[in-house]
Amino acid sequence: METARVLVAADKFKGSLTAVQVAERVTAGLRRVVPGLAVETLPVADGGDGTVAAAVAAGFERREARVTGPLGDPVTAAYALRGDTAVVEMAEASGLQHLPDGAFAPLTATTYGSGELLKAALEAGATTIVFGVGGSATTDGGAGMLAALGARFLDADGKPVAPGGGPLATLAEADLSGLDPRLADVDLVLASDVDNPLTGPKGAPEVYGRQKGASEEDIAVLDAALTHYASVLGPDTAALPGAGAAGGIGYGALVALGARFRPGIEVMLDVLGFAPALARATLVITGEGSLDEQTLHGKAPAGVAAAARAAGIEVVAVCGRLALPPEALEKAGIRRAYALADLEPDPAVSMAQAGPLLEQAAESIARDFLAA
């Protein structure tokens with residue numbers, strides 16, 4: 001009989017456990033039932049928050065830089081570096097986590113710090129940059145990022161346009177001639193789990209504006225401002241998949257930085273070395289905080305399951321809550337899902353006790369799939 005080897009390739013449980021902690025807890029639970037079980041852990045991310053942490057767990061070096069936060073205050077942001085490849089996570093510089101409780105700024109939040117973080121990666125010698133975008137506090141079309149990299153955005157009086165998405169309505173001229181020349185020699189991969197266009201009913205303001213504190217009026221203002229911005233920079237690019245990622249920072253990267261869009265989980269599985277780890281496994285355990293309809297559209301567990309199924313390796317999942325029927329799981333390549341909500345129905349308690357509950361779930365997996 002083949003010796004069991006388990007690969008734990010799960011994303012974070014948002015608000016409860018990092019991807020690294022998920023892997024640790026699952027491993028502990030499995031080994032409680034099967035002592036000495038061979039377990040390999042590969043924390044994964046799909047380009048959103050947690051992407052740098054996943055890269056560091058896979059052997060990248062963590063680097064830090066002081067950059068401009070979304071509200072203009074300095075923040076410390078991390079990126080990951082291995083050789084000449086950098087993993088840059090825009091949420092580290094311009095993410096919702098940098099907003100004080102309730103202090104949203106949908107019209108004025110800036111991605112300037114994301115540009116500074118890309119510049120730090122250039123200065124570290126990166127020639128391949130995986131730019132993970134998601135979890136942003138911003139809807140400025142990447143204008144702040146481009147300004148940090150040397151672009152100039154001017155109003156009709158020749159003065160710089162103020163930070164944020166709202167003021168882009170006053171844009172008269174975009175001068176990209178001052179962009180950092182090193183960008184021309186960099187392979188910049190836009191890694192995102194969303195493929196929305198920049199504007200319109202499926203665009204960044206309409207779909208994601210509310211979670212950044214935008215009112216219905218703000219959304220209309222932002223959509224009009226970004227439509228105008230794109231008319232100056234390049235309207236065709238605004239319709240490309242990924243242009244609407246992270247408040248339109250995807251558009252800025254595509255139209256001005258020569259970025260190429262790839263689904264975030266695909267990029268990250270490549271960067272993290274998933275294929276060789278998968279080749280060593282007889283069972284894969286994936287998961288995230290909520291397995292739901294969104295999971296099926298480019299989230300980490302769906303990417304892991306698709307790759308494992310293609311290799312003929314069985315996949316089970318762990319999650320905080322399960323909102324997918326068995327047939328949807330099966331279609332995604334997931335044999336079975338183990339939800340913490342089944343062990344503790346109170347969501348607050350489940351989140352607070354996620355670690356011990358996850359170990360219990362892993363014990364069940366070991367009994368169901370690994371115990372002789």
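1. In this predicted model, a reader may start with strand β12, residues 314-322, which is joined to β13 by four bridges, the two strands running parallel. One place to look along this pairing is Val 318, which has Tyr 338 of β13 standing opposite. As background, the strands of a sheet pair through backbone hydrogen bonds, and the pairing may be parallel or antiparallel.

2. The pair β12 and β13 belongs to an open sheet of five strands, in which the order is β2-β1-β11-β12-β13 and the pairing is parallel. Which strands stand at the edges of this sheet? They are β2 (38-41) and β13 (336-339), and each has a single partner strand, so that one side of each is left without a neighbour in the sheet. From one strand to the next, the twist averages 25°.

3. Two helices can be followed across this sheet. Helix α11, residues 300-310, lies across β11 and β12 and runs at about 160° to β11, while helix α15, residues 354-370, lies across β1 (5-8), β11, β12 and β13 and runs at about 150° to β13.

4. Helix α11 deserves a separate look, since its buried residues are listed: Ala 300, Pro 301, Ala 302, Gly 303, Val 304, Ala 305 and Ala 308. The buried residues of α11 pack against α9, α10 (274-279), β11, β12 and α12 (326-332). After the helix comes Gly 312, which has a positive phi, near 75°.

5. In helix α15, the residue to examine is Leu 370. Is Leu 370 buried or exposed? Its relative accessible area is 16%, and since buried means under 20%, Leu 370 is buried. If neighbours within four places in sequence are set aside, Leu 370 is in contact with Ala 4, Val 6, Leu 30, Val 34, Leu 37, Leu 283 and Ile 365. With one of these residues, Leu 30, the separation in sequence is 340 residues, although the C-alpha atoms of Leu 370 and Leu 30 are 8.7 Å apart in space.

6. There is also an open sheet of six strands, with the order β3-β4-β5-β6-β9-β10 and mixed pairing. Its edges are held by β3 (61-68) and β10, each with a single partner strand, so one side of each is left without a neighbour in the sheet. Here the twist averages 30° from one strand to the next. Strand β4, residues 74-82, pairs with β3 in the antiparallel sense over eight bridges, and the bridge partner of Thr 68 is Pro 74 in β4.

7. Helices pack on this six-stranded sheet as well. Helix α4, residues 112-123, touches β3, β4, β5 (85-89), β6 (128-132) and β9 (187-192), and its direction makes about 140° with that of β3. Helix α9 touches β4, β5, β6, β9 and β10, and the direction of α9 makes about 85° with that of β10.

8. The last point concerns open space. The largest pocket has a volume of about 960 Å³. Which of the 36 residues that line the largest pocket are the closest to its centre? They are Asp 46, Asp 193, Val 194, Gln 294 and Lys 299. The elements that give two or more residues to this lining are β10 (260-263), α9 (264-272) and β11 (283-291). Sorted by class, the lining has nine nonpolar, 15 polar and twelve charged residues.

Key. Residues numbered from 1 in each chain as written. Predicted model: local features only at pLDDT ≥ 70, side-chain atom pairs only at ≥ 80, totals over all residues. Heavy atoms only, no water. 1 Å grid on protein atoms, 1.4 Å probe; cavity = no way out; pocket = protein on both sides within 12 Å on 5 of 7 lines; lining within 4 Å. Points joined across faces, edges and corners; volume = space filled by probe spheres on them. Nonpolar A, V, L, I, M, F, W, Y, C, P; charged D, E, K, R; others polar. Pairing = 2+ DSSP bridges. Axes fitted to C-alpha atoms, helices over the stretch in contact; angles between N-to-C directions. Contact = heavy atoms within 4.5 Å. Buried < 20%, exposed > 50% of the residue type's maximum accessible area, 1.4 Å probe, protein only.
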